[in-house]
Structures are given as C-alpha cells and as structure tokens.
Amino acid sequence: MAYDLIVLGGGPAGYLAAERAGHEGMKTLLAEKRFLGGVCLNEGCIPSKTLLYSAKFYENALHGENYGVKVKDIALDHAAVMKRKEKVVGRLVMGIRSQLKRNGVAVVEGAARITGRDRDSGGYTVEVNGEVYTGKRLLIATGSVPALPPIPGLREGLEKGYVLTNREILSLTEVPESLVIIGGGVIGLEMASYFKTAGSRVTVIEMLDHIGGNIDGEISSILLKSYMEKGVDFQLNSRVTEVKKDSVVYEKEGQRFEVKAQKVLVSVGRVPATEGLGLERIGVGLSGKALKADERGKTNVPEVYGAGDVNGRFMLAHAAYREAEVCVNNMLGRRDMVRYNAVPSVIYTSPEVACVGETEESARQKGIDFEVGKVSMLYSGRYVAENEGGEGICKVLADKRYGKIIGVHMVGSYASEIIYGAALMIEAEMRVRDIKELVFPHPTVSEVIREAVFTF
Ligand code: NAI
C-alpha cells in the first residue's frame, strides 16, 4: 500500500502529526507497537496526573480542619485510584482513536521497521507485521525509553519485578511499604509525592546536590524543604552502587550506606528510541541515540522528519505537539519552525512548580545582564485564601538592556495553569513596562506575575 506519509510511533508527536496530515488530505498511515497515545497517555503524563490529583484530594481532606471542614475516616484507596486511572486513560485513548479515524488516518498496530526505498516510486518502504507499506514521506516519532544506568543488580531487579520504571510504577496494584527512588528529577519527584501520600516510606537518592534538574535553584530548595516536611528522605550527592532484592546500596561522601527497599524506581532520565528502526538503511543521521532533526523537523534525508522525544531535545509532550505540527507544515511546503526559547515545564507535585525561559543560573552562564523581580505567592489574595501555610514564590527575570521578560519561575498552586501566560510574554517579547499595563483578573494567583514585575 502506498501512502503520502507513514508515521512511526503513536505518541503525542505521532498521533497529532497524523491527525493534522490526514486533515490536510494526505493519505496517512500510523504504526504503533504498544499503545496508541504513547508513554504520555498510557504510562506517563496522564496516569501520573490522575494519581497526583487523588493524592491532592486526600491531602486536602486530611487538612480540611484548616479550612473549617471536618472529614471523618479519610483514606486513600490505591486500588480505586488505579481503577480511575484506567478509566481516564481509556477515555482519552478512545478520543485519539476516533480523531484519527475522523481524519482518515489508517492505524496499524505493530513494530515498524524501515527496510529501504522502493525502486519504482522512490518512496520509503516500511514493514509492519510482515506487511510492506510505501510512504513518500516518513515521520519518526518513536519517543524515548527509560535510561538504565549500569548499576549492579538493576537489570536483574527489573526482570524480577522489584525494580520499576515509570511504566511499571504507574500500574502497581499495591502501595509498597518502602520505595527507593534513584534520581530526583521530574518523574522521581512526582512519584515521591504520590507514594509518600499513599503511605510508602520514600527515599530519593540523587547524585547532584539539588533536586529537580535544571529548575531555578531557589525553587528547588523550596521544593526540597516541603518534601522533607512531608517526610520524604533525600540523599543528595549520592551514588547508587548496587540494587539488591530488598535494599539499595549507595555511597555518600566516601561512606557506604544501605537502605531498605521493597520497590525501587529508576528515574534517571530517558533515551531516544532509535534502535531497531532501520534508520541506517536510508542513512538518517543520529547524534548519540538521538535523531538529528532541525527546527523544521527535517533530518539529513529528504522527506524524512523527526518529532518528539526521539530528537532528544525537550522530552516534553507539549514540545512534541508543536514539533509535529511544524513537521506537517513543512511537508506541505508551509515554512514553519519551532522556537524553543519559551517552552514551559511543569512538575505536578504538591506544591506545583512551573517554569519558562531562562533561570538565573542559565542567564548567568549565557552572560545575559538581567534583573530579578521576586514576590511571595502570599501577595495573591486568592493564594492566601486557599493555601494555609503555603510558601510559594514567583520570580520574573528581565534583561536589563530592553526590559524584556526572559524567564518566569513559580512554585505554588495554580502555577501549572498560569505559566502559559508567562510563555506568551516571552514569545511576544513583552517588556516589563508592557506587563505593568496589563489587567490581570482579581483575585487570581496569576496576579503574582504583575506583583513581581512591579518590584523592578
Ligand atoms: P530527569 O532528567 O528529569 O531527572 C533525572 C535525575 O536523575 C537528575 O536529577 C539526575 O541528576 C539524576 N541521576 C542521573 N543518574 C543518576 C544516578 N545514577 N543516581 C542518582 N541520580 C541520578 O529524568 P526523569 O525524571 O527520569 O524524567 C524523564 C523525562 O520525562 C524528562 O525529560 C522529563 O522532562 C519527562 N517528564 C516530564 C514530566 C512533566 O512534564 N511533568 C513528568 C515526567 C517526566
């Protein structure tokens, strides 16, 4: 069968590109080897947010007295939480399936492998389940897989089921009595948040001296403090040396420690999934494991595009969406490119963290002359009304020369919903004086951005 476009991978990049291409009249085939919706929908963003929402609900009930609400017999029913997660995921996957259908996209379930080029048409040949398809164009959107560091015992643990990745932890039927998390990045923190609330004893072992990867240093410290108050144990500057059946061994400041672990989560980053795709058959370039694709999504091979985690850039579903759209636009001859300077990122823990643009650390490294406007979230009446004991902050960075907004960083409730406004400010190259003229709805937590800007 001949297609205008064959999409390899049905995650956010793949399914959105297929939908858009189908909508534009391209005869499109999408191949997915596991689940339509990819990691994000089935084993990542959506399941974790479902769990975290239940945890938040539970915590609100636990602290209901602070708000004049008395609740008796509060319990978090993990099995019921998981059941709801399945329902949410099922509903969204169904939505994607019907969107693809509506846009005339053919879907084939199986692992796709590029086999070469068709002599007559010059199209690319792709094999799925023994069937060969030809595509004038290809979109590689195969995502990423969890990075597995060479720690003795880790792979054995994965095989035996006591070491988990994001995939397995989001399907655990029982709350482990103790959970050791290797890596205090986004996945590690979100899972620490849920499982601590659900009743596990949680230890996070992180090799750096801070958590949250590249997030603003001050925000990372606030997050660390709030987690520690909840009882999560952090071992920073620590290196795991062995994973055993019921414990994890690590080194810190030259000393050896061992901590009990019924389950171990490995969350030390992800690796682009480019193995076994047959990319070498048509000469597609890689950088390490990442597919080399430019801001237009183009690889070094004509009519072969790449979008999403597979390019190793941002590894965020929302970046993947935009990359997918850009690829399709360029396939259609509409020049388009992704601007990466205003891609927001969120950690959906309690409290939430949301960031966009430069941090103080990255701006300093780039030699940008900048100033910082910072306020406590307590400047927002809505925040005070809804957050007993909350300690959020909002930080706005502006370049000194033109007063342009270059970064916004927040920790506190609603941060995830507000951050797109800050991304817009950066995208639109707004200056401090432009923001001062904006009217923000009152009372909302978004007003903290305005307050921060007025400290300049
Ligand atoms: P990550 O890159 O966010 O964090 C990995 C952490 O592990 C880092 O802090 C790193 O220093 C640490 N680390 C690395 N090797 C280690 C070792 N041997 N021992 C101890 N610590 C070690 O990666 P993570 O959390 O696995 O997430 C993977 C990807 O998924 C990220 O790119 C993230 O952006 C994405 N994601 C995004 C979410 C969101 O947008 N809310 C939610 C979950 C994942």
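Okay, let's start at a proline: Pro351 sits in the loop between strand 20, residues 345-347, and strand 21, residues 353-357. The peptide bond joining Ser350 to Pro351 is cis, with omega at about 5°. Keep in mind throughout that what we have here is a predicted model.

There's another cis bond to look at, further along the chain. His442 and Pro443 are joined by a cis peptide, and omega there is about -5°. Pro443 is in a loop too, the one between helix 13, residues 432-436, and helix 14, residues 447-453.

While we're on backbone geometry, let me show you a couple of positive phi values. Asn237 isn't a glycine, but its phi is positive, about 50°. Where does Asn237 lie? You'll find Asn237 in the loop between strand 11, which is 233-235, and strand 12, which is 238-243. Its relative accessibility is 42%, so Asn237 counts as partly exposed.

Then there's Tyr414, again not a glycine, and again with a positive phi, this one about 75°. Tyr414 belongs to the loop between strand 24, residues 405-411, and helix 12. With 30% relative accessibility, Tyr414 comes out as partly exposed.

Helix 12 takes us on to a pocket. I mean the second largest pocket, which has a volume of about 260 Å³. Which element gives the largest share of its lining? That's helix 12, residues 415-427, with 7 residues. In total, 17 residues line this pocket. If you want to put your cursor at its centre, the lining residues nearest to that point are Ile418, Tyr420, Phe440, Pro441 and Ser446. Sorted by class, the lining of this second largest pocket has 12 nonpolar residues, 3 polar and 2 charged.

Okay, back to the start of the chain, and strand 1. How many of the 7 residues of strand 1 are buried? The count is 6, over residues 2-8, so the rest of the structure largely encloses this strand. On its pairing: strand 1 goes with strand 6, residues 131-140, in the parallel sense, over 6 bridges. Strand 1 also runs parallel to strand 2, residues 28-32, and 4 bridges join those two.

A handy residue to click on here is Leu5. Opposite Leu5 in strand 6 you have Arg137, and opposite Leu5 in strand 2 you have Thr28. As for how the chain gets from strand 1 to strand 2, the connection uses helix 1, residues 12-23, and together the three make a right-handed β-α-β unit.

Last topic, cysteines. A disulfide is a covalent bond between the sulfur atoms of two cysteines. How many disulfides does the model have? The count is 0. Take Cys394 as an example: Cys394 is in no disulfide, and the nearest cysteine sulfur, on Cys355, is 10 Å away. The cut-off for a disulfide is 2.5 Å, so a sulfur at 10 Å doesn't qualify. Is Cys394 buried or exposed? Cys394 is buried, with a relative accessible area of 0%. Cys40 is buried as well, with a value of 13%; the limit for buried is under 20%, so Cys40 falls within that class.

That's my tour, happy to take questions.

Key:
Residues are numbered from 1 along each chain as its sequence is written. This is a predicted model: local features need pLDDT of at least 70, side-chain atom pairs count only at pLDDT 80 or more; totals for chains, interfaces and linings use all residues. Side-chain values use heavy atoms; hydrogens and water are left out. Buried means under 20% relative accessible area, exposed over 50%, partly exposed in between (1.4 Å probe, protein chains only). Helices (H or I, at least four residues) and strands (E, at least two) are DSSP runs, numbered from the N terminus. Two strands pair if DSSP finds at least two bridges between them. A crossover is right-handed if, with the strands pointing away from the viewer, the path from the first strand over the helix to the second runs clockwise. On a 1 Å grid over the protein atoms alone, a cavity is a set of points where a 1.4 Å probe fits but cannot get out, and a pocket is an open set with protein on both sides within 12 Å along at least five of seven lines; lining residues have an atom within 4 Å of a point. Grid points are joined across faces, edges and corners, and a volume is the space filled by probe spheres set on the points. Ala, Val, Leu, Ile, Met, Phe, Trp, Tyr, Cys and Pro count as nonpolar, Asp, Glu, Lys and Arg as charged, and the others, Gly among them, as polar.
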